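Here are my notes for your first read of this model. Keep the viewer open as you go through the points.

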Amino acid sequence: MKALITTPRGETFNTFFTEENIKLAESLGEIIWNDTEKQFTVDEIKERICDCDVYVTAWGSPRLDGDIIAAAPKLKLMTHLCGSVKPVITDAVWENDIRVLTGNDYFAESVAEGTLAYILAALRDIPYYSHRLKYEKKWKTVTDRNFGLAGKKIGILSYGAVAKHTVRLLSNFRSEIYVYDIKPLPEEDVKKYNLRQASLEEIFSTCDIISVHTPKIPATYHMVNAKLISMIRPGALFVNTARGAVIDQRALEEELKDGRFRAVLDVYDPEPPTADSPLYTLPNVMMMPHQAGPTVDFRQVITHDLMIESAAFIDHGEPTPHEISRAAASLMTE
């Protein structure tokens, strides 16, 4: 295997390519590194990729287009160490039969873990009680309340990779899980997790917890509109770890002002929220700065596994379990 790794040196590079992963990569084949502190230009890519088998990308890497591919007659594989390949891919990749690996399933697993953490933290009011004890030295009282996840009716919006991992985690809590998706749910998952496919209206009007996992594509812009948000039942919890633009954020802000339900928001439109956003002052909103996943320590695991998988495919023709199809890539977040 001969691979061009585009990520420039710096803090982000170090989280993917630890010393162990650098040694691993070099043991797997000939590696061309980006030893600068900035992204390669397309011309710099073309100068280096001519006899490479693998193009390795992360956030900010140049898109693999026809111009680069024309300079790389031996290129067989693109390995994206992050989630969605939308920012780094073009139709030319598929038209030239270049296979694509992605860390998307790893990212999805980590986001699902973050989603569960947010739900539990919000239900138990962990940020509030921790802050109160630590800074006000105030112990619990008989009127304090917190809540659990067991037995709750949970609505999942869209059944992609993150949602599948989330459902797997939630299934341990004896919850009723309702799923909205435009396609029928996999029968195996329906039976395994006792899923019920439901409409958006049913989920928003009846569920105790609503968790958004919808990708950001043109068709999903403001999919969660003012009408749906107005249907959220009193005391419910609304969680978004997908993308801010899937939600009509202005409508969400207005509905949250009366305290009817609570929200945990990891993503926004725009990001970060503007300084005058009411979200900052609403006591029923828990805010996180787009950190549901992947956690930093997981990046080195993704890199380790995908580099081994890349070499195994190029050198030995072995299967590529983390390969993504053109159809699946088209549904990823832009």
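**Notes on the cysteines and the sheet**

1. Start with Cys82. At 1% relative accessibility, Cys82 counts as buried (buried means under 20% relative accessible area, exposed over 50%, partly exposed in between, with a 1.4 Å probe and protein chains only). Cys52 is also buried, at 0%.

2. Know the source. The model is predicted: local features need pLDDT of at least 70, side-chain atom pairs count only at pLDDT 80 or more, and totals for chains, interfaces and linings use all residues. Residues are numbered from 1 along each chain as its sequence is written, and side-chain values use heavy atoms, without hydrogens or water.

3. How many disulfides does the whole structure hold? The search finds 0 (a disulfide is a pair of cysteine sulfur atoms within 2.5 Å). For Cys52, the nearest cysteine sulfur belongs to Cys50, 6.9 Å away. Why is Cys82 not bonded? Its closest cysteine sulfur, in Cys52, is 19 Å away, so the gap is too far for a bond.

4. Now the sheet. It is open and parallel, with 5 strands in the order S2-S1-S3-S4-S5. Strands are DSSP runs of E, at least two residues, and helices runs of H or I, at least four, numbered from the N terminus. Two strands pair if DSSP finds at least two bridges between them. S2 (30-32) and S5 (99-102) are the edge strands, each pairing on one side only.

5. Look at one pair. S4 (residues 77-80) and S5 run parallel, joined by 4 bridges. His80 has Thr102 in S5 as its bridge partner.

6. Finally, the helix. H13 (residues 296-316) packs on the sheet and touches S1, S2, S3, S4 and S5 (contact means heavy atoms within 4.5 Å). The direction of H13 makes about 170° with that of S4. Axes are lines fitted to C-alpha atoms, for helices over the stretch in contact, and angles run from 0 to 180 degrees between N-to-C directions.
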